[in-house]
Structure formats: C-alpha cells, structure tokens
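The following exercises concern contacts, cores and aromatic pairs in a protein chain. Please work through each task before reading its solution.

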Amino acid sequence: MNKPLRAADLQPDDDGPLYTAQKKIFPQSVSGPFRRIKWILMAVCLGIYYFLPFVRWNRGLGAPDQAVLIDLANNRFYFFAIELWPQEIYYFTGLLIVAAIVLFLMNALGGRVWCGYLCPQTVWTDLFYAVERFVEGDRRERMRKAGEGFKLQRAAEVALKHSIWLMIAWWTGGAWVLYFADAPTLIKELVTFDAPMVAYIWIGILTFTTYTLAGFMREQVCVYMCPWPRIQAALTDEWALNVTYKYDRGEKRSSLKKAAQLRALGEPVGDCVDCNQCVAVCPTGIDIRNGPQLDCIQCGLCIDACDNVMKKIGRPTRLIGYDNDINIHRRMEGKPEIFKPIRARTVVYTLIIVAIGGAMLYKLANRTLLDVNVLHDRNPVAVRLSDGSVRNGYTIRFLNKRGFDRVVAVDVEGPPNAVIHVVGADSITPDRPMIVLGRDTTTELRVLVDSNTNANDDVPQSVPVTFHVTDIGLGEVASTKDVFVTP
C-alpha cells in the first residue's frame, strides 16, 4: 500500500550552500545596440571621474578655481557655481534621498538598469575585461590558454595584463584624492613626494580595492557583497521590464537542422536553437533561459548575442529582450502585449523626486549668503546693573558666504529700550554696532544686550529677542531669535 505524501517529503533535503566557490568565467565579446550603450556610458562615466578634477571655475580672487572640490580643511564643498557650508548638510541629505528614489524608479521601469550600465563595479569590470581581451584574445583563446602550461609568451601576456590593470587601479585611486585638493598642485606634490601621507594611503587603498574587485572578484561582488539585488527583488512588481527569455516563443529548443525536420513533421518547435551564445557573453556566467536569477545584472549583452544569431538564421529578433511574465502569458493566450510604465509606484516615485528636487532647487536659488546664529549665556543667564537695567549676554556667530568683505549692522528687537553692544568690535555708531566680516569666513563675537527696566516694573520673566544683521552695501538681511531673561 502506498504511503501518503507529507509536506516534509516535498521539501528538498538540502537548500544548498550559502556560498559557492568562484568559477572562472570567460565572457565572449559581442556587438549590438546594448553593447554600444555600455561602451558609451563607460566612456562618459570614466571620463567624468578621471578628468573632472582638472576642470576650472573662476570664483574670484582668493577662492579655489577647481570646479568640483571637497575642501575638508576649510569645511567647504564646491560644485561649479555652488558653494556649500557644513551648516547646509541638508542639501546632501536631500540629494541622497533623490538618488535612492531615482534608483527605485529605474528598477520599477527597467529592472537592474543601474547594475547593468552605471554601477562602478560594472563599469570598471567592463574596462578590465576589455584589457583582458586586448591582451589575451577572445573567449576561446583565453579558455585555450588557461588550459595550457605556463609558457614564456603566456607569462608575458599575464604580466602585461596585470600591469595595465594596476595602472588603471592606480589612476582610479589617484583621481579620487584629486577631488580633495587642487588637482595640478597635488599631482606635483605627489610626484615630488611632498604630498600629505594621507593622500598616499588613500591612493594605495583605492588602488588595491579597484584591482581586486574589478580584476578578480568581479561577479562575486554583485552576487555576495552587494545588497541591491536583494533590495531590488523586494521592490519590483509584475509590470517591471527585465531582461527576459521569451519561452513562449523559444520553446521547444532544438538545433537548426533538427528544428527544420520537426517542422516538416508538423511538430511544435521554438526559435531557440540552443546555441548557448547568451551564456557565452554573460559576464556572470548564467543562462538567462532558466528564468530570473540573482546573478543576472541585466546588462543586455545576451539580447545582442541572441539577436545576432536570429539574424543569421532568418528568424525575428528579440527572443531575449526587456519583457515580463504578464506579456508572455498574454501572447500564449493570443492577446496583445501591454506595457504600463505609468502606474501607481512610478507616479509616486516621480512625484517624490520632483517634490524634493524642486524644494532643494528653490532653497538653493533663494539661499542667503549672510547667516547668523545665537547662543544665550548659561551662567549667569542675566544680571541687573547698578542703574536698574537688565543685561543678557549672547555669543553670535556671523557667516559671510560671499567672496569679499562686507560691513554689517547689528540691531536688536524685543526687550523694551534695548541697547546692544558688541564686545571687542569698534564701531563708529555705538547705538547701532557696525562690524566688518571677512570674506568666506565665520566670525564669532560676544554681544551684550541691556534693557532699561526696573525691578518694580511689571515685565515678564522672559521676552523674545530678535537679532537682525544687515549688509550696509547690499541690503541683505539675516535674523535669528532667542529670549531675553529678566531676573
């Protein structure tokens, strides 16, 4: 008598290892529209990264003229006409949020577009593969040489390949540190060994990581180190377009010769001739025909490879293409395809990007280049003077974000009969202090505010106080608030 099946009997005995040892992959070169897109994007991304530090931007006398500069010594970030201070860190926060939502939107529309075309790991690995093919030959040559003994010619090729890889990795690390100092000056200091030790350390770190990740680890980074494939799988939906093998058209697979025989007999046969070209060109070594896989970075190279085969045998292209299971089932049912790029999640993502991006642009366009912050004294909070008036002390920090000195007047509003005095700053108008703020600097001064109130007056224990700072020449005004305390 047959024993009934239990749920446990349907489960595999072993879920498999959490990590699989790396297998040597020999991706084959391919031509086509997606390969050209990848070449163009790689050239643009690497060109921007390597040469942007040398672009100049005139900001006036005494200001750095590097277009993009992270000036850690002076706590400034320069991006062409934009200069950001540490107090404006919220711009970076907004930029990171926008970047994350853009990534979500890309995933909702075209799957792992970032992974396949724009990710630094993909870009540098693609460059290293190009060097490898240039030195050692294409797929078959590299596979043949890998199985042969280590001859003198082979040793020369390996040495040349790794030398070029190290040069690329070294320049990658060198380009990174150029964003933190004047590029031509730092290059001169690096050559003459006068640069700060931290520059050499970071060049060494980035040289090692680039050489290791792009030269050796490659697809292992995407499969095991990067969290985005797992996040992307949770964010995607059934309408997102992904690189897909259209099994409704490709199955049943058979060779070209056998397919002709089966068709002659009236048996169903698909367009896939099982040539394995999609596997040969894949940089992660997967078979796209096995369905969605974590290893697939959706670079589109399998589309180019399959299209080239389809053209040669006279069959329609895009047996592999950007598609989804919904359309595959609709075609199997004889229904037309449906594409829905505009749906709830893409609209929400777009609105978030527009809202945050618009708010940042508005804030940036209307940002003041004069700012002021105030800190009330803690001990004592207030004192009563011999004439009966009350004095409060404050520390005021003035921020002059312009590239020139300016004269500002300081006014106070709130306490009755308030008189302000700036300690240690000479002014020709004692009742309205005027001070000079240096260009592109932060100035911190101690300020005393006296209010002519008597102990018998019915005044609240604390009243709001507002400090106004006015640029005498430009009329620019900045204000900040605190409280005035009566003992």
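**Exercise 1.** Identify the residues that Val-449 touches, leaving aside those up to four places away in sequence.

*Solution.* In this predicted model, Val-449 touches Val-390, Arg-391, Asn-392, Tyr-394, Val-412, Ala-418, Val-419, Ile-420, Phe-467 and Phe-484. Next, place Val-449 in its setting: the largest nonpolar core has 25 residues, and Val-449 is among those with the most contacts inside it, together with Tyr-394, Ile-396, Phe-398, Ile-435 and Phe-467. Elements that give two or more residues to this core include strand 8 (390-400), strand 12 (441-451) and strand 13 (462-471). Another core, of 20 residues, lies apart from it and includes Tyr-49, Val-131, Ala-175 and Tyr-179.

**Exercise 2.** Classify the ring pair of Tyr-394 and Phe-467.

*Solution.* The ring centres of Tyr-394 and Phe-467 are 5.0 Å apart. Their planes stand at 70 degrees, so the pair is edge-to-face, given that angles over 60 degrees fall in that class. The pair links strand 8 with strand 13, across 73 residues. Both Tyr-394 and Phe-467 are buried.

**Exercise 3.** Classify the ring pair of Tyr-50 and Trp-171, and determine whether each residue is buried or partly exposed.

*Solution.* The ring centres of Tyr-50 and Trp-171 are 6.4 Å apart and the planes lie at 25 degrees, so this pair is stacked. Tyr-50 belongs to helix 1 (residues 33-51) and Trp-171 to helix 6 (residues 152-177). With 9% relative accessibility, Tyr-50 counts as buried; with 25%, Trp-171 counts as partly exposed. Finally, ring pairs join Tyr-50 and Trp-171 with Tyr-49, Trp-124, Trp-170 and Tyr-179 in a cluster.

How values were computed
Residues numbered from 1 in each chain as written. Predicted model: local features only at pLDDT ≥ 70, side-chain atom pairs only at ≥ 80, totals over all residues. Heavy atoms only, no water. Core = buried A, V, L, I, M, F, W, Y, C linked by side-chain atoms within 4.5 Å. Buried < 20%, exposed > 50% of the residue type's maximum accessible area, 1.4 Å probe, protein only. Helix = DSSP H or I, 4+ residues; strand = E, 2+ residues; numbered from the N terminus. Contact = heavy atoms within 4.5 Å. Phe/Tyr/Trp six-rings, centres within 6.5 Å; stacked < 30°, edge-to-face > 60°.
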